[in-house]
Protein chains: 4
Amino acid sequence: METNIGKKIWAIAEGYIPAWSNGPAPEFTSHEAACILNAGDKEAHIQLTIYFADRQPAGPYTLTVGAKRTLHLRFNNLEHPERIPLGLSYSSVFISDVPVVIQHTRLDSRQEANALLSTIAYSE
Amino acid sequence: METNIGKKIWAIAEGYIPAWSNGPAPEFTSHEAACILNAGDKEAHIQLTIYFADRQPAGPYTLTVGAKRTLHLRFNNLEHPERIPLGLSYSSVFISDVPVVIQHTRLDSRQEANALLSTIAYSE
Amino acid sequence: METNIGKKIWAIAEGYIPAWSNGPAPEFTSHEAACILNAGDKEAHIQLTIYFADRQPAGPYTLTVGAKRTLHLRFNNLEHPERIPLGLSYSSVFISDVPVVIQHTRLDSRQEANALLSTIAYSE
Amino acid sequence: METNIGKKIWAIAEGYIPAWSNGPAPEFTSHEAACILNAGDKEAHIQLTIYFADRQPAGPYTLTVGAKRTLHLRFNNLEHPERIPLGLSYSSVFISDVPVVIQHTRLDSRQEANALLSTIAYSE
């Protein structure tokens, strides 16, 4: 059972990359992450689409997560087909070809003391 | 499949808009948000009801989220039929005519360093 | 449908009331809360049991949430049958006679800048 | 019903133990915890596996949670078969022989003001 943990469709409705940071990079760089666990024994191929308030979606971005590996993807680092603007609201949908588990986390270091949030993403 | 992600009924049991703020508006204005993703290809029409500790519910508030769009709704900004008082506990229920995904987030900047919380809402 | 939102059994595995506070009470008193939404039209009667690391469970505590009302219960305020010690790890289980929705929140103000966490509870 | 609350398989996709701390130990030691509630009347035996970005998984770690008890496990404290490195991304999977409920929490005290995150883990 352990090799099939998770779901193939995930969504994160919240999305916002704070526009500046305090503290040493990369640990304290304000960022938003999708932590993706592939506990199975087949490589996961994931299509990521980003939704905005007032324009067409961006993507798909293509991600690969090795078998029995985790990927802590920083949305800040996505480059192709386009970068996600800082300080702008977005949402994300992940479609994987094998079951994975996705959790959403933000570190906001715009002020001297960082703030954190995290939640399991929505799956079906 | 991608166009039908989500559920039509969502609830957020926690609700509280901090009564004051530190830092530049609107980024650091204390707020509570419902991030609503409509990944489908039909516009979403949502009825929002607010529940309180000791009075009748407020609403319905009517929201629209475009097809393939996200709405990061700040409860602070709701005006009709009535504003939500600051510093008061509430809960919220969303009824949509098409599937959506909803996540709850608060930024509390009452102190110099802001604090964040977030969770996927309850769906059925 | 709106009047039957939720589940009757909920659990919160995390539990910890920080032992001290900074800032004006009661807003900034370190606390842990179970936010309970009863969106239905019947009063909810809830039995709450608290589990510890190395002693028998405490409770049941009895809670009532009015029809179409929310209760933001601070665990700090529970008194009968016994108070929950500060600074000690616990978990909680809620059994309701009608469907409710429960979310877990902590405000930790032991340091000058408060920290927040929140998550939907586990339901079945 | 109350004695069978939970699931046997849980996953936490996010994992990261901050590498340093501010404030008195152990309360303010930066840590990551899996809060495990065993509300049932049989002892729970759990196998924990840790997944990394670029090496084979670690474990299994074996955990025991008494009947009607909670265990707030700090990942920092795991020693056998190996310690989890600080400042490194990981994920975790828990397989229990009886139903349990698991919630994920981090306290990050690398800066003067601590930050918190928490979420219900993923279950199936």
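## Contacts within chain A

Let's start inside one chain: among the contacts in chain A between residues at least 6 apart in sequence, 69% join residues at least 24 apart. Keep in mind that what you are looking at is a predicted model. The predictor's confidence in chain A comes out as a mean pLDDT of 94, with 98% of the residues reaching 70 or more. For the complex, the predictor gives an ipTM of 0.95 and a pTM of 0.96.

## What chain A is built from

How many helices and strands does chain A have? The count is 0 helices and 8 strands. Walk along the sequence and you meet the pattern β-β-β-β-β-β-β-β. Chain A has a radius of gyration of 15 Å, close to the 14 Å that the globule rule gives for 124 residues, so chain A is as compact as a globular protein of that length.

If you'd like to picture its extent, the C-alpha trace of chain A spans about 45 × 30 × 20 Å along its principal axes. Of the 124 residues in chain A, 51% are buried.

## One exposed spot: A:R55

Now pick out A:R55, which sits in the loop between β3 (44-52) and β4 (58-65) of chain A. Is A:R55 buried or exposed? A residue counts as exposed if 12 or fewer other C-beta atoms lie within 10 Å of its own. A:R55 has 10 other C-beta atoms within 10 Å, so A:R55 is exposed.

You can also check a distance from here. A:R55 and A:A34 are 21 residues apart along the chain, and their C-alpha atoms are separated by 22 Å.

## Backbone oddities

Some details of the backbone are worth a look. In chain B, a cis peptide bond joins B:A25 and B:P26, with omega at about 0°. You'll find B:P26 in the loop between β1 and β2 (31-38) of chain B. Over in chain C, the peptide bond from C:G59 to C:P60 is cis too, with omega near 5°. C:P60 is not in a loop but in strand β4 (residues 58-65) of chain C.

Next comes a lysine. A:K68 is not a glycine, yet A:K68 has a positive phi of about 55°. The residue lies in the loop between β4 and β5 (69-74) of chain A. Being in a loop doesn't put A:K68 out in the open here: A:K68 is buried, with 20 other C-beta atoms within 10 Å. In chain D, phi of D:K68 is near 55°, again a positive value in a residue other than glycine. D:K68 is placed in the loop between β4 (58-65) and β5 (69-74) of chain D. D:K68 has 21 C-beta neighbours inside 10 Å, so D:K68 counts as buried.

## How the chains are related

What does it take to lay chain D on chain A? A rotation of 90° with 0.0 Å of shift along its axis superposes the two, at an RMSD of 0.0 Å. The two copies are therefore related as by a four-fold rotation axis. Try chain B on chain C: a rotation of 90° superposes them, with 0.0 Å of shift along the axis and an RMSD of 0.0 Å.

## Where the chains touch

The contact between chains B and C takes 28 residues from chain B and 26 residues from chain C. On the chain B side, β1 (7-12), β3 (44-52), β6 (90-108) and β7 (115-120) each supply at least two residues. Which element gives the largest share? That would be β6(B), with 6 residues. By class, this side of chain B has 18 nonpolar, 5 polar and 5 charged residues.

Turn to chains D and A, where the contact takes 28 residues from chain D and 26 residues from chain A. Two or more residues of the chain D side come from each of β1 (7-12), β3 (44-52), β6 (90-108) and β7 (115-120) of chain D. β6(D) gives the most, with 6 residues. The chain D side divides into 18 nonpolar, 5 polar and 5 charged residues.

## Nonpolar cores

The largest nonpolar core has 131 residues. Which residues have the most contacts inside this core? They are A:A11, B:A11, C:A11 and D:A11. Take D:A11 as an example: leaving out residues up to four places away in sequence, D:A11 touches partners in chain A including A:I5, A:L37 and A:V101, and partners in chain D including D:S91, D:V93 and D:Y122. There is also a second, separate core of 16 residues, and among its members are A:L107, A:L117, C:L117 and D:L116.

Key: Residues are numbered from 1 along each chain as its sequence is written. Chains are lettered from A and ligands numbered from 1 in the order in which they are written. This is a predicted model: local features need pLDDT of at least 70, side-chain atom pairs count only at pLDDT 80 or more; totals for chains, interfaces and linings use all residues. Two residues are in contact if their C-beta atoms, placed from the backbone, lie within 7 Å. Helices (H or I, at least four residues) and strands (E, at least two) are DSSP runs, numbered from the N terminus. Ala, Val, Leu, Ile, Met, Phe, Trp, Tyr, Cys and Pro count as nonpolar, Asp, Glu, Lys and Arg as charged, and the others, Gly among them, as polar. Copies are superposed by least squares on the C-alpha atoms of residues with pLDDT of at least 70 in both. A nonpolar core is a set of buried Ala, Val, Leu, Ile, Met, Phe, Trp, Tyr and Cys residues joined through C-beta atoms within 7 Å. The radius of gyration is taken over C-alpha atoms; the globule rule is 2.2 Å times the number of residues to the power 0.38. pLDDT is the predictor's confidence in each residue, from 0 to 100.
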